[in-house]
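Work through these exercises with the sequence and the 3D view side by side. Try each task before you read its solution.

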Amino acid sequence: MKAEELRSVQTPLKERYREVPDAALITLRAQGRLGEGVSCKIETGKALVEAGLHPATGGSGQSACSGDMLLEALVACAGVTLNAVATSLGIELRDASLQAEGDLDFRGTLGVAKEVPVGFQSIRLQVTLDTDASEEQLDTLLRLTERYCVVYQTLAHPPALSVARKRATD
């Protein structure tokens with residue numbers, strides 16, 4: 001996609017959102033259902049993914065790990081955002097690859113050590129670019145990718161989070 005094509009698609013959306021800010025408020029949803037053993041089947045809209053325990057917590061390794069899925073969501077969002085920003089800025093990327101790594105201490109998850117937090121203690125995103133762009137252009141590209149990547153910003157600035165419970169009705 002060229003910059004003009006991207007602008008032609010996004011310009012009417014931006015204008016509408018300026019005129020009617022509520023039109024920009026969208027609720028994304030994910031749903032799943034318990035599967036065989038200790039697993040949960042997630043409907044992604046494109047495929048069915050079965051998530052299960054990581055081998056470090058007793059899983060077989062046959063199911064997707066939710067932690068991996070979080071990192072994959074970061075890579076996917078950052079990659080799409082990077083591509084859109086590069087297109088918008090007219091920066092030609094011959095190739096780009098992204099890798100996310102996150103450090104976990106499963107003692108927290110398994111309740112072995114209460115002082116160890118549950119969840120990622122650090123996440124690193126590495127972007128490798130094949131381009132002739134200047135260092136200044138690349139700095140701008142990465143700064144804007146960070147700024148506009150939904151998953152990155154959600155991890156960097158966590159939203160209010162809640163859990164609700166309800167009983168299934170017959």
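**Exercise 1: Two cysteines**

Cys 149 is buried, since its relative accessible area is 1%. Keep in mind that the model is predicted.

Task: Find out how many disulfides the structure holds.

Solution.
- Step 1. Start with Cys 77, which sits in helix H2.
- Step 2. Look up its accessibility. Cys 77 has a relative accessible area of 16%, so the residue is buried. The cut-off for buried is under 20%.
- Step 3. Recall the cut-off for a disulfide: two cysteine sulfur atoms within 2.5 Å.
- Step 4. Count the disulfides. The structure has zero.
- Step 5. Check Cys 77. The nearest cysteine sulfur belongs to Cys 149 and is 3.3 Å away, and Cys 77 is in no disulfide.
- Step 6. Check the partner. Cys 149 is in no disulfide either, with the sulfur of Cys 77 at 3.3 Å.

**Exercise 2: The span of a helix**

Task: Work out what span the 17 residues of H1 should have, and compare it with the model.

Solution.
- Step 1. Locate helix H1 at residues 3-19.
- Step 2. Use the rule: 1.5 Å times one less than the number of residues.
- Step 3. For the 17 residues of H1, this gives an expected span of 24 Å.
- Step 4. Compare. The end C-alpha atoms of H1 are 24 Å apart, so the two values agree.
- Step 5. Now look along the helix. H1 has a kink of about 30° at Gln 10, shortly before the proline Pro 12.

**Exercise 3: The largest pocket**

Task: Describe the lining of the largest pocket: which residues lie nearest its centre, and which helix gives the most?

Solution.
- Step 1. Take the volume. The largest pocket holds about 1200 Å³ of space.
- Step 2. Take the lining. It has 29 residues, and those nearest the centre are Leu 28, Cys 77, Thr 81, Val 150 and Val 151.
- Step 3. Assign elements. H1, strand S2 (39-43), H2 (66-89), H4 (135-148) and H5 (150-156) each supply at least two lining residues.
- Step 4. Rank them. H2 gives the most, with eleven residues.
- Step 5. Sort by character. The lining has 18 nonpolar, seven polar and four charged residues.

**Exercise 4: Along the chain and through space**

Task: Decide whether Leu 74 is buried or exposed, then find how many Å separate its C-alpha atom from that of Thr 154.

Solution.
- Step 1. Place Leu 74 in helix H2.
- Step 2. Its relative accessibility is 3%, so Leu 74 counts as buried.
- Step 3. Leu 74 and Thr 154 are 80 residues apart along the chain, with 9.7 Å between their C-alpha atoms.
- Step 4. Try another pair. Gly 108 lies in helix H3 (residues 106-109). Gly 108 is buried, at 11% relative accessible area.
- Step 5. Gly 108 and Glu 43 are 65 residues apart along the chain, and their C-alpha atoms are separated by 28 Å.

Conventions
Residues numbered from 1 in each chain as written. Predicted model: local features only at pLDDT ≥ 70, side-chain atom pairs only at ≥ 80, totals over all residues. Heavy atoms only, no water. 1 Å grid on protein atoms, 1.4 Å probe; cavity = no way out; pocket = protein on both sides within 12 Å on 5 of 7 lines; lining within 4 Å. Points joined across faces, edges and corners; volume = space filled by probe spheres on them. Helix = DSSP H or I, 4+ residues; strand = E, 2+ residues; numbered from the N terminus. Nonpolar A, V, L, I, M, F, W, Y, C, P; charged D, E, K, R; others polar. Bend = angle between axes of the 7 residues up to and from the residue. Buried < 20%, exposed > 50% of the residue type's maximum accessible area, 1.4 Å probe, protein only.
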